[in-house]
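This briefing concerns the structure shown below. The points are grouped by topic and follow a short lead.

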Amino acid sequence: ERTFAEYQSYSITVKKRHSRMKLSLVELLILTSSCSGFVVPSLQASSKATSHGGSASFGRLFAVLEEPAVSAGRTHTAPVFDEVCETTGVTLKRFMTEVAMLNPELQELTALFGAIDTSCKAIANVVKRSQLPSSSVLGYQGAVNVQGEDQKKLDVITNDLLKRALRFTGRLGVLASEEEDTPVALSEGESATLIMDETQRYVAVFDPLDGSSNVDAGIPTGTIIGIYDHDEMCEIPSDFAGEVLDEEMAKCLTNTLQPGTNLVAAAYCLYSSSTFFVLTLGNGVYMFTLDEQLGEFVLSKPHVKIPEVSSIISMNEANIDMWDEPLKNVVKGWRNGTGRSGKRFSSRYIGSMVGDVHRTLLYGGVFGYPGDKKNVNGKLRLLYEGAPMSFIMEQA
């Protein structure tokens, strides 16, 4: 049971063109409640129960009165979606425009995802053409990134492509890449100013081409992106040239070191048999597929859910002898069928995180890259890979 004032506060946050209908529904519910002792049921449960079947329209109608959901441990309220966002075939641009209309506080994300959309298409083309005899993007760059890995030319090209696209959206305060030692600077030959702007509200972290070492073998690769709110208390001097960091500037740079529970959005692009774009804004997972004839990402799977039951292990079991005993015993139990489920698990491991996570998202199972004697903390980076991917999996 809710008060009329509460219903009004929920109703005025939705799209203007639907507001008259929704307020009428509120008045009807309140009138019915007062006249016949009608108790409004759990609307959140009603909308979820009908969103995938039964009276879908009824579920959507009641969803506008839902109390905004907040994931456990998260500080952001889940955005409101409508039937446009659930319609397969709608383009990513149209999807984000609709989200911005329904959730004005996310309006600036439209420009940001527009840049990511374009970058993924460009990277997909670069990867696709990389094996041609005329290509000049194969081989190593001759440098080592901050993770201690030899940088391939593709790493550098895709990193530069993505950071330029995001830089000029005008929506980012700080941008950090796995291929950079510090929060991103402009490419060589231009003024070495850090990409920081105190007027903007988002922080983006990304791995431009995960699995790039496998490109020569035609194995799937991908781009991983996480987006956080920018700290508005961060004050950047107008004469800052990116050379000397004082205490205040250091605080601004720590905007990139936020916990995963602060993520506003996360996405990945998978370059494989098709080019996929998968995103979450904190209210479910949506999968888009690139229609190359249209040149647009179109919604192919709204509300992606991981299967409840699966028997797939996705780990590099060549390292099993270097794992700790508890993990070793669990995995052996899965393989032999002596685990709690009694099922024998099968192994499916690509060696490219985006590809392995994408399969796990669709088919279920267990994916991980555990620490071992050689890599005590594992090889997945929390900031660029672990946190964004975990947000997506949590939402599915």
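Cys 85 is buried, its relative accessible area being 0%. The model is a predicted one. One disulfide is counted in it, and the largest nonpolar core has 41 residues.

**Disulfide**

- The disulfide is formed by Cys 120 and Cys 269, with 1.8 Å between their sulfur atoms; this distance satisfies the cut-off, which is within 2.5 Å.
- Distant parts of the chain are linked by this pair: Cys 120 belongs to helix α6 (residues 107-129) and Cys 269 to strand β6 (residues 263-271), 149 residues apart.
- The disulfide is right-handed, because the torsion about the S-S bond of Cys 120 and Cys 269 is about 75 degrees.
- Cys 120 and Cys 269 are both buried.
- In general terms, a disulfide is a covalent bond that joins the sulfur atoms of two cysteines.

**Strands β4 and β5**

- Nine of the nine residues of strand β4 (residues 202-210) are buried, so the strand is largely enclosed by the rest of the structure.
- Strand β4 is joined to strand β5 (residues 221-229) by seven bridges, and the two run antiparallel.
- Within this pairing, Ala 204 stands opposite Ile 227 of β5.

**Nonpolar cores**

- In the largest nonpolar core, the residues that touch the most other members are Leu 109, Phe 113 and Phe 277.
- Helix α6 supplies the largest share of this core, with nine residues.
- Setting aside residues up to four places away in sequence, Leu 109 touches Met 96, Tyr 202, Ile 227, Val 264 and Leu 281.
- A second core, separate from the largest, has 24 residues, among them Phe 276, Met 353, Tyr 384 and Ala 396.
- As a general tendency, nonpolar side chains in soluble globular proteins are buried together.

**Surroundings of Ser 314**

- Ser 314 is located in strand β10 (residues 312-314).
- The relative accessible area of Ser 314 is 0%, so this residue is classed as buried; the class requires a value under 20%.
- The side chains of Ser 314 and Asp 356 are joined by a polar contact of 3.2 Å.
- Apart from neighbours within four places in sequence, the residues in contact with Ser 314 are Arg 348, Tyr 349, Asp 356, Arg 359, Val 366, Phe 367 and Gly 368.
- Asp 356 thus appears both in the polar contact and in the list of residues in contact with Ser 314.

Key: Residues are numbered from 1 along each chain as its sequence is written. This is a predicted model: local features need pLDDT of at least 70, side-chain atom pairs count only at pLDDT 80 or more; totals for chains, interfaces and linings use all residues. Side-chain values use heavy atoms; hydrogens and water are left out. Helices (H or I, at least four residues) and strands (E, at least two) are DSSP runs, numbered from the N terminus. Buried means under 20% relative accessible area, exposed over 50%, partly exposed in between (1.4 Å probe, protein chains only). Two strands pair if DSSP finds at least two bridges between them. A polar contact is a pair of N or O atoms within 3.5 Å; within protein, one must be able to donate a hydrogen and the other to accept it, and residues adjacent in sequence count only if both atoms are side-chain atoms. Contact means heavy atoms within 4.5 Å. A nonpolar core is a set of buried Ala, Val, Leu, Ile, Met, Phe, Trp, Tyr and Cys residues joined through side-chain atoms within 4.5 Å.
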